[in-house]
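Please read these notes with the sequence and the structure open beside you. Each numbered point takes up one part of the chain.

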Amino acid sequence: MKIVTTIEELRGQLRGQLRTAFVPTMGNLHEGHLSLMRLAAKHGDPVVASIFVNRLQFGPKDDFDRYPRTFRGDCDKLEAEGVYVLFAPDEREMYPEPQEYRVDPPRALGDVLEGEFRPGFFVGVTTVVLKLFSCVQPSAAIFGKKDYQQLMILRRMARQFALPTQIVAAETVRADDGLALSSRNGYLSTDERAEAPALQRELRHVVEAIAASSLDGIVRAADDARRRLVERGWRPDYVSVRRRADLAPPEPQDVERKEPLVVLAAAWLGGTRLIDNLEA
């Protein structure tokens with residue numbers, strides 16, 4: 001595996017490549033990330049990964065410096081997966097001057113759910129992803145469904161900017177007890193880790209209600225899931241049922257005609273904020 005740290009080196013390595021598959025990451029890799037690399041290999045050749053902790057997507061209450069950096073171990077994992085190039089720039093390389101030009105998602109999609117509780121987060125995500133796409137120029141890029149709203153925003157960005165990059169969705173990878181794999185899981189204490197799968201279980205209750213209820217029943221199921229999490233010691237930001245097509249709240253007719261829905265949740269367990277979702 002070739003490790004490059006500058007845009008010039010990266011473009012030199014990829015010159016003439018027309019089927020590059022790309023997986024952007026912030027490092028601290030786990031099995032979920034590695035599954036993205038394997039999916040990338042099915043959608044292009046060569047496979048390129050990036051590791052860059054993007055300050056732009058960290059809010060004032062987020063701890064940019066606390067984000068775990070495990071570069072040496074990450075390199076070993078990527079090499080074992082057959083990644084051809086790892087792009088690992090520093091901040092000076094990615095942002096040699098203040099990044100005054102930014103991508104601002106539409107409010108109806110970017111200021112709800114995660115966007116409501118993490119203002120500016122998706123501006124930081126879309127801006128760095130567009131810049132990385134400019135550097136790598138991939139034919140396909142792989143993103144996990146665990147970050148459901150992010151996936152939808154990036155798909156729309158690619159479509160509206162007519163980018164020559166297919167956005168490929170990867171299914172969420174879970175531990176045996178159902179917890180979605182995430183770099184944040186490493187922050188959980190032993191007791192918190194044992195409790196963490198409750199989030200997915202509550203989402204499953206809501207999914208069951210979607211199959212059997214009216215809109216009022218679905219809303220009650222989401223409220224009940226939020227209440228039960230609070231009773232177990234969680235601090236939910238949201239448990240919400242949305243249309244898969246646009247993340248808008250469903251209307252009664254959507255439920256009647258079986259419009260595809262998704263249940264999304266974000267909740268604090270101790271000092272760790274976990275997110276998850278299930279399609280219904």
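The points below go from a strand and its partners to the cores, the salt bridges and two single residues.

1. The model is predicted. Please keep that in mind when reading the distances and accessibilities in the points that follow.

2. Begin with strand β2, which covers residues 21-25. Five of its five residues are buried, so the strand is mostly covered. Ala21, Val23 and Thr25 point to one side of β2, while Phe22 and Pro24 point the other way. Residues on both sides of the strand are buried.

3. Which strands pair with β2? One partner is strand β3, residues 47-51, which runs parallel to β2 and is joined to it by five bridges. Within this pairing, Phe22 stands opposite Val48. Between β2 and β3 the chain passes through helix α2, residues 31-41, and this β-α-β crossover is right-handed. Strand β5, residues 140-144, also pairs with β2 in the parallel sense, here over two bridges. Phe22 appears again in this pairing, standing opposite Ala141 of β5. Phe22 is thus a useful residue to select on screen, as it faces Val48 in β3 and Ala141 in β5.

4. Next, the nonpolar cores. In soluble globular proteins, nonpolar side chains tend to be buried together. The largest core here has 41 residues, and the members that touch the most others are Leu10, Phe87, Val129, Phe143 and Leu247. At least two residues of this core come from each of α1 (7-14), β4 (85-87), α7 (121-136), β5, α8 (148-160) and β8 (261-269). Helix α7 gives the largest share, with nine residues.

5. Phe143 deserves a separate look. Beyond its neighbours within four places in sequence, Phe143 is in contact with a list of residues that includes Pro24, Leu36, Val129, Phe133, Leu151 and Leu154. Ile167, Val168, Ala169 and Ala170 are also among its contacts. Apart from the largest core lies another one, of 24 residues, among them Leu179, Ile218, Trp234 and Val255.

6. How many salt bridges are there? The count comes to 21. One of them joins Glu114 and Arg273, whose closest N and O atoms are 2.8 Å apart. This pair links distant parts of the chain, since Glu114 is in helix α6 (residues 114-117) and Arg273 is in strand β9 (residues 272-279), 159 residues apart. Are these two residues buried or exposed? Glu114 has 6% relative accessibility, so it counts as buried. Arg273 is buried as well, because its relative accessible area is 5%.

7. Another salt bridge joins Arg228 to Glu202, with 2.8 Å between the closest N and O atoms. Here too the pair links distant parts of the chain: Arg228 belongs to helix α11 (residues 215-231) and Glu202 to helix α10 (residues 198-212), 26 residues apart. Arg228 counts as partly exposed because its relative accessibility is 25%. Glu202, at 8%, counts as buried.

8. Asp246 and Arg243 also meet in a salt bridge, at 2.7 Å from N to O. The cut-off for a buried residue is under 20% relative accessible area. Asp246 is at 24%, so it counts as partly exposed, whereas Arg243 is at 18% and is therefore buried. Salt bridges with shared partners join Arg243, Asp246, Asp254, Arg257 and Glu259 into one network.

9. Ser182 is found in the loop between β6 and α9 (190-195). Its relative accessibility is 17%, so Ser182 counts as buried. A polar atom of the Ser182 side chain lies 3.1 Å from the backbone nitrogen of Arg184. Setting aside its neighbours within four places in sequence, Ser182 is in contact with His30 and Lys146.

10. The last residue is Gln166, in strand β6 (residues 166-170). Gln166 counts as partly exposed because its relative accessibility is 45%. Which residues does Gln166 contact, leaving aside its neighbours within four places in sequence? The contacts are His43, Ser139, Ala140 and Ala141. Of these, Ala141 was met in point 3, where it stands opposite Phe22. As for Gly110, which is 56 residues from Gln166 along the chain, the C-alpha atoms of the two are separated by 21 Å.

Note on methods:
Residues are numbered from 1 along each chain as its sequence is written. This is a predicted model: local features need pLDDT of at least 70, side-chain atom pairs count only at pLDDT 80 or more; totals for chains, interfaces and linings use all residues. Side-chain values use heavy atoms; hydrogens and water are left out. Helices (H or I, at least four residues) and strands (E, at least two) are DSSP runs, numbered from the N terminus. Buried means under 20% relative accessible area, exposed over 50%, partly exposed in between (1.4 Å probe, protein chains only). Contact means heavy atoms within 4.5 Å. Two strands pair if DSSP finds at least two bridges between them. A crossover is right-handed if, with the strands pointing away from the viewer, the path from the first strand over the helix to the second runs clockwise. A nonpolar core is a set of buried Ala, Val, Leu, Ile, Met, Phe, Trp, Tyr and Cys residues joined through side-chain atoms within 4.5 Å. A salt bridge is a side-chain nitrogen of Lys or Arg within 4 Å of a carboxyl oxygen of Asp or Glu. A polar contact is a pair of N or O atoms within 3.5 Å; within protein, one must be able to donate a hydrogen and the other to accept it, and residues adjacent in sequence count only if both atoms are side-chain atoms.
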